[in-house]
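Hi everyone, thanks for making time this morning. I'd like to walk you through a protein model, so let me put it up on the screen.

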Amino acid sequence: MKDDQTMKKPEQPPSIWQKSWMKNLLTVLLFVAIFMALRPLMQGDVIEGQAPKLQLQSLNGETLDLQAMNAQGEPVLIHIWATWCPVCTFSRDGIENIAADHKVISIATQSGDDQQLLDYAAEHKMNTSLIVNDLDGAIAKQFGAKGVPADFVIAPNGNIEFVEVGVTSSIGLRLRLWWAGLQGEDK
């Protein structure tokens, strides 16, 4: 009798579809495809072209004037977020870091009264001189933002150069601000 080892057929290598790297690649591609398909729905009816005129009061009473910021020749990031938004927490620290190098107006929409926002900002070590309370959502509506977080990069010429709704990286926002700054040099 032949032993069991000689009777077994040699094992075939797994097909390409059975390899884990291929499964991972296909999963990532599927996620990207779904994200790209949903992106227009996330964007909603956001405004394009010239940014609205904004002269707002921050939580600590400073005036944040978008047109005056634009007149200084630098791009401005308008970041619309909410305290109740779990996705917004991912970008919170990145926005604070960007504000150290760029002009930022941080608009907390439908997130409670000023004291609640001040408490939230203190708890999360946020700069209250950047935060505007959009108690009823009117500013978010002015930008057409139906979802949060929503980021608008305004070039120095006052045009909205980039809009991102949903989570985005601080590196991506920095690159968009840099690019918008270049666009503003073409005045």
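I'll begin with the whole chain, then go through the sheet and its helices, and finish with a few individual residues.

One thing to keep in mind throughout: this is a predicted model. The protein chain has seven helices and seven strands. If you read along the sequence, they come in the pattern α-α-β-β-α-β-α-β-α-β-α-β-β-α. Of the 187 residues, 42% count as buried. The chain exposes about 11300 Å², and carbon and sulfur atoms supply 57% of that area. As for contacts between residues at least 6 apart in sequence, 71% of them join residues at least 24 apart.

Now to the sheet. Five strands form an open sheet, in the order E5-E4-E3-E6-E7, with mixed pairing. Strand E5, residues 131-134, and strand E7, residues 160-165, stand at the edges; each has a single partner strand, so one side of each is left without a neighbour in the sheet. On average, neighbouring strands here are turned by 20 degrees against each other, ignoring direction.

Let's see how the pairing goes. As a reminder, strands of a sheet pair through backbone hydrogen bonds, either parallel or antiparallel. E3 runs parallel to strand E4, residues 103-109, and six bridges join the two. One position to look at there is Trp81, which stands opposite Ala108 in E4.

Two helices pack on this sheet. Helix H4, residues 88-99, touches E3, E4 and strand E6, and its direction makes about 155 degrees with that of E3. Helix H5, residues 114-123, touches E3, E4 and E5, and its direction makes about 140 degrees with that of E5.

On to E6. Five bridges join E3 to E6, and these two strands run antiparallel. E6 and E7 are also antiparallel, again with five bridges. Is E6 mostly covered or mostly open? It is mostly covered: five of its five residues are buried. Both faces are involved, with Ala150, Phe152 and Ile154 on one side and Asp151 and Val153 on the other. The hairpin of E6 and E7 has five residues between the strands, and in it Gly158 takes a positive phi near 90 degrees.

That brings me to a pair of residues I'd like you to find on the screen. His79 sits in strand E3, which covers residues 76-81. Which residue is the bridge partner of His79 in E6? That partner is Asp151. Their side chains meet as well, in a polar contact at 2.4 Å. Asp151 in turn has Glu164 as its bridge partner in E7. Why do we call His79 buried? Its relative accessibility is 2%, and the cut-off for buried is under 20%, so His79 counts as buried. Leaving out residues up to four places away in sequence, His79 touches a list of residues that includes Ser91, Ile95, Ile107 and Pro149.

Pro149 deserves a stop of its own. A cis peptide bond joins Val148 and Pro149, with omega at about -5 degrees. Pro149 lies in the loop between helix H6, residues 138-143, and E6. For context, most residues other than glycine have a negative phi, and most peptide bonds are trans.

There are also two positive phi values to point out. Gln110, in the loop between E4 and H5, has a phi near 45 degrees. Its relative accessible area is 40%, which makes Gln110 partly exposed. Lys125, in the loop between H5 and E5, has a positive phi of about 55 degrees. Lys125 counts as exposed, at 72% relative accessibility.

Between those two loops, have a look at Gln116, which lies in helix H5. A polar atom of the Gln116 side chain lies 2.8 Å from the backbone nitrogen of Asp113. Gln116 is partly exposed, at 47% relative accessibility. Along the chain, Gln116 and Thr83 are 33 residues apart, and their C-alpha atoms are separated by 9.6 Å.

Last, the cysteines, for anyone thinking about disulfides. How many does the structure hold? Zero. Cys85 is buried at 5% relative accessible area, and Cys88 is buried at 4%.

That's my tour, thank you. I'm happy to go back to any part of it on the screen.

Notes: Residues numbered from 1 in each chain as written. Predicted model: local features only at pLDDT ≥ 70, side-chain atom pairs only at ≥ 80, totals over all residues. Heavy atoms only, no water. Helix = DSSP H or I, 4+ residues; strand = E, 2+ residues; numbered from the N terminus. Buried < 20%, exposed > 50% of the residue type's maximum accessible area, 1.4 Å probe, protein only. Polar contact = N/O pair within 3.5 Å; in protein donor to acceptor, adjacent residues only side chain to side chain. Contact = heavy atoms within 4.5 Å. Disulfide = S-S within 2.5 Å. Areas by Shrake-Rupley, 256 points an atom, 1.4 Å probe, with all protein chains shown as cover. Pairing = 2+ DSSP bridges. Axes fitted to C-alpha atoms, helices over the stretch in contact; angles between N-to-C directions.
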